Amino acid sequence: MTDMTNAAPVAVNNPGLPENQRRLIELDDAIAKIRTQIATADLARQRGQKPIDPDWFHRARTALRHLCRERAELLAQGTGRRRREKLKDVLIGILRERHDPETWDGILAEAQARSEREGL
């Protein structure tokens, strides 16, 4: 049967991409490779060449399931982050509209000082 090590994700050579997007691309690549290996093994089985090794098939399906779960978790994390970022942007917009420039500058300075104290 096909060696599962060939299904390892390929590193994305684009340093401008955020790490989670790079990982999603790697996961998609690995998922596609495993699916291709399973399909190839099934075609060989259908042609009567040889049966699919059940242990290999189980490992392939397990690897596929784990990669799909990791992909879903990354997508869920990204969705939550985008919502929080949008909420923060709206909140900042509302506060900025409600305060005069001097008060806003004071609030911004206080937030920057706090973030430095907290190591953000």
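Modeller: A salt bridge here is a side-chain nitrogen of Lys or Arg within 4 Å of a carboxyl oxygen of Asp or Glu. Keep that cut-off in mind. The model is predicted.

Colleague: How many salt bridges does the count come to by this rule?

Modeller: The count comes to 7 salt bridges. The general idea is simple. Side chains of opposite charge can pair when their charged atoms come close.

Colleague: Before the pairs, give me the fold. How many helices and strands does the protein chain have?

Modeller: The secondary structure comes to 3 helices and 0 strands. Read from the N terminus, the elements run α-α-α. Helix α1 covers residues 19–46. Helix α2 covers residues 54–98.

Colleague: What share of the residues counts as buried?

Modeller: Of 120 residues in the protein chain, 18% are buried. The chain exposes about 9100 Å². Carbon and sulfur atoms supply 54% of that area.

Colleague: Now the pairs. Which residue forms a salt bridge with Asp-28?

Modeller: Arg-71 does, and the closest N and O atoms are 2.3 Å apart. Look at where the partners sit. Asp-28 is in helix α1 and Arg-71 is in helix α2. They are 43 residues apart, so this pair links distant parts of the chain.

Colleague: Are Asp-28 and Arg-71 buried or partly exposed?

Modeller: Use the cut-offs. Buried means under 20% relative accessible area, exposed means over 50%, and partly exposed lies in between. Asp-28 has 33%, so Asp-28 is partly exposed. Arg-71 has 27%, so Arg-71 is partly exposed too.

Colleague: What does a salt bridge within one helix look like? Where do Lys-33 and Asp-29 lie?

Modeller: Both lie in helix α1, 4 residues apart, which is about one turn of the helix. Their side chains meet in a salt bridge at 3.6 Å, N to O. Lys-33 is partly exposed, at 26% relative accessible area. Asp-29 is partly exposed as well, at 25%.

Colleague: How many residues apart are Asp-42 and Arg-45?

Modeller: They are 3 residues apart in helix α1, so about one helical turn separates them. The N to O distance in their salt bridge is 2.7 Å. Asp-42 has 23% relative accessibility and counts as partly exposed. Arg-45 has 39% and is also partly exposed.

Colleague: Which residues are linked in a network of salt bridges?

Modeller: Arg-23, Glu-26 and Glu-70 form that network.

Colleague: Next, like charges. Which residues gather in a patch of positive charge?

Modeller: Arg-35, Arg-61, Arg-65 and Arg-69 gather on the surface. To read such a patch, know its entry rule. A residue needs over 30% relative accessible area and no salt bridge. Take Arg-61 as the case. Arg-61 has 41% relative accessible area, so the residue is partly exposed.

Colleague: Which helix gives the most to the positive patch?

Modeller: Helix α2 does, with 3 residues. Arg-61 is found in this helix.

Colleague: Back to the fold. How do I read sequence separation against distance in space?

Modeller: Start with the contacts that have a separation of 6 or more. Residues 24 or more positions apart account for 59% of them. Then look at single pairs. Ala-63 and Ile-31 are 32 residues apart in sequence, with C-alpha atoms 8.6 Å apart. Ala-32 and Leu-64 are also 32 residues apart along the chain, and their C-alpha atoms are separated by 9.1 Å.

Colleague: Where do Ala-32 and Ala-63 lie?

Modeller: Ala-32 lies in helix α1. Ala-63 has its place in helix α2. Ala-32 is partly exposed, at 39% relative accessible area. Ala-63 has 25% and counts as partly exposed.

Colleague: One last residue. Where is Lys-50 found?

Modeller: Lys-50 is in the loop between α1 and α2. At 46% relative accessibility, Lys-50 counts as partly exposed.

Colleague: Leaving aside neighbours within four places in sequence, which residues is Lys-50 in contact with?

Modeller: Lys-50 is in contact with Ala-44 and Arg-45. You have met Arg-45 before, in the salt bridge with Asp-42.

Note on methods. Residues are numbered from 1 along each chain as its sequence is written. This is a predicted model: local features need pLDDT of at least 70, side-chain atom pairs count only at pLDDT 80 or more; totals for chains, interfaces and linings use all residues. Side-chain values use heavy atoms; hydrogens and water are left out. Patches are made of residues with over 30% relative accessible area and no salt bridge: like charges are joined within 9 Å, nonpolar side chains (Val, Leu, Ile, Met, Phe, Trp, Tyr) within 5 Å. Accessible areas come from the Shrake-Rupley method with a 1.4 Å probe; for residues, only the protein chains shown count as cover. Lys and Arg count as positive and Asp and Glu as negative; His and the chain ends are not counted. The place of a charge is taken as NZ of Lys, CZ of Arg, CG of Asp or CD of Glu. Helices (H or I, at least four residues) and strands (E, at least two) are DSSP runs, numbered from the N terminus. Buried means under 20% relative accessible area, exposed over 50%, partly exposed in between (1.4 Å probe, protein chains only). Contact means heavy atoms within 4.5 Å.
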